[in-house]
Amino acid sequence: MSKLTFYKYQGTGNDFIFLDNRQNQIDIPQAAIQKLCHRRFGIGADGLVLIQLHASQDFEMIYYNADGSQSFCGNASRCATHFAHYLGIIKQSTRFMAIDGVHEALIAEQQIK
């Protein structure tokens, strides 16, 4: 079994598992996403998010629902913005790619810690 470093975020009542995939080494199958997100037998989360490098944007957010399907999630994107800041990818503002296109976000100064 390999070691997986993860971060847990919550945004407006939804919780997410975050993985730093800037090295593009994480390939996680749908069944593994379902197990990780399982509330009783996994980490427990509404979804799983990979943060990856992107050629023309600050980063890319890959979002998976707890069932392993891919989509966009606004609350996860808020958390992704904070996570990207934590990782040093962004400062206060960003343009990032998601499944439905480019998004912009700004971190309010009092939220940066």
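Good morning. I begin with C73, which counts as buried at 14% relative accessibility. The model I am presenting is a predicted one. C79 also counts as buried, at 5% relative accessibility.

With two buried cysteines in view, what is the count of disulfides? The count comes to zero. The sulfur of C73 has its closest cysteine sulfur in C79, at 8.1 Å, and that is too far for a bond. A disulfide requires the two sulfur atoms to be within 2.5 Å, so C73 and C79 remain unbonded to each other at 8.1 Å.

Let me turn to helix α2, which spans residues 74-86 and holds S77. Is S77 buried or exposed? Its relative accessible area is 9%, and S77 is therefore classed as buried, the limit being under 20%. Leaving aside neighbours within four places in sequence, S77 is in contact with M61, F72 and F96.

M61 leads us to the nonpolar interior. The largest nonpolar core has 19 residues, and those with the most contacts inside it are F16, F18, V49, I51, F59, M61 and Y63. Which elements give two or more residues to this core? They are β2, β3 (47-52), β4 (59-65), α2 and β5. The largest share comes from α2, with five residues.

V49 illustrates these contacts in detail. Not counting residues up to four places away in sequence, V49 touches F16, I17, F18 and L19, together with M61, I62 and Y63, and also A76. Apart from the largest core lies another, of eleven residues, including L36, C37, A45 and L50.

I now move to the hairpin. Strand β1 (residues 7-11) pairs with strand β2 (residues 14-20) in the antiparallel sense, over five bridges. Within this pairing, Y7 stands opposite F18 in β2; F18 is also one of the residues with the most contacts inside the largest core. Two residues lie between the strands of the hairpin, and T12 takes a positive phi near 50°.

My last stop is I99. Where is I99 placed? It sits in the loop between β5 (93-98) and β6 (101-106). I99 and Q70 are 29 residues apart along the chain, yet their C-alpha atoms are separated by 7.9 Å. Beyond residues up to four places away in sequence, I99 touches M61, Q70, S71 and F72. Two of these names have been heard before, as M61 and F72 are also in contact with S77.

Thank you for your attention.

Technical notes:
Residues are numbered from 1 along each chain as its sequence is written. This is a predicted model: local features need pLDDT of at least 70, side-chain atom pairs count only at pLDDT 80 or more; totals for chains, interfaces and linings use all residues. Side-chain values use heavy atoms; hydrogens and water are left out. Two strands pair if DSSP finds at least two bridges between them. Helices (H or I, at least four residues) and strands (E, at least two) are DSSP runs, numbered from the N terminus. Contact means heavy atoms within 4.5 Å. Buried means under 20% relative accessible area, exposed over 50%, partly exposed in between (1.4 Å probe, protein chains only). A nonpolar core is a set of buried Ala, Val, Leu, Ile, Met, Phe, Trp, Tyr and Cys residues joined through side-chain atoms within 4.5 Å.
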